[in-house]
Amino acid sequence: MRDHGGRFTPQEAPWLSRFKAMGMDERWVSRSPETMLESFHWFQGELFGLIVEDLLRFPAGTGVIAEGFRLLPRLVRPLLAEPGHAVWLLPTPGFRRAAFASRGSLWQIAGKTSDPERALRNLLDRDRMFTELLCAETKPRTGCHQSRHYDDRG
């Protein structure tokens, strides 16, 4: 992401350009989670073509497993040779929070704002809504089954 985020023009990635121009409070404290989601550059599919370019560098016939939240179902499906060659694992809110905490990054973003508690709440709420949208995108073909095993832990 860091490499891709540095290889663009404002015309190629207007959402990302606006995000980069914001201060930390504007990004995570003063905007609603809904606005944060609507303007989330990766959810808008910006620079998805760079992922495709990276994958096309592998030799033909090479098996590749690509993962990451930027691999949106609506962008990936048209590129699949077989519809069943993709799977999306969607975290519950509790699992997402636990993953941040286990990596030691729970407060990494929020801690750089004037209101870390609100920033973290906004970030986690935006991520929850993002996961719900991904669930809706995957549901028409396969169904979306959320595991309760990790739900609301951490």
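**Close-up 1. Aromatic pairs across the model.** A search through this whole predicted structure turns up five aromatic pairs. One of them is a stacked pair, Phe-40 with Phe-69, with ring centres 5.9 Å apart and 15 degrees between the planes. Phe-40 comes from the loop between α4 (33-38) and α5 (48-56), while Phe-69 comes from the loop between α5 and α6 (73-76), so this pair ties together parts that sit 29 residues apart in sequence.

**Close-up 2. How covered are the two stacked rings?** Phe-40 has 7% relative accessibility, and anything under 20% is called buried, so Phe-40 counts as buried. Phe-69 comes out at 35%, between the 20% and 50% cut-offs, so Phe-69 is partly exposed.

**Close-up 3. Phe-40 meets Phe-130.** Here's another pair for Phe-40: with Phe-130 the arrangement is edge-to-face, 5.5 Å centre to centre and 80 degrees between the planes. This one links distant parts of the chain, 90 residues apart, with Phe-40 in the loop between α4 and α5 and Phe-130 in helix α8 (residues 116-142). Both of these residues, Phe-40 and Phe-130, are buried.

**Close-up 4. The phenylalanine cluster.** Zoom out a little and ring pairs join Phe-40, Phe-43, Phe-69 and Phe-130 into a cluster.

**Close-up 5. Arginines over rings.** Phe-40 has a charged visitor too: the charged end of Arg-126 sits over the Phe-40 ring, 4.1 Å from its centre. Over at Trp-42, it's Arg-70 that lies over the face, 3.9 Å from the ring centre.

Definitions and conventions
Residues numbered from 1 in each chain as written. Predicted model: local features only at pLDDT ≥ 70, side-chain atom pairs only at ≥ 80, totals over all residues. Heavy atoms only, no water. Phe/Tyr/Trp six-rings, centres within 6.5 Å; stacked < 30°, edge-to-face > 60°. Helix = DSSP H or I, 4+ residues; strand = E, 2+ residues; numbered from the N terminus. Buried < 20%, exposed > 50% of the residue type's maximum accessible area, 1.4 Å probe, protein only. Lys NZ or Arg CZ within 6 Å of the ring centre and 35° of its normal.
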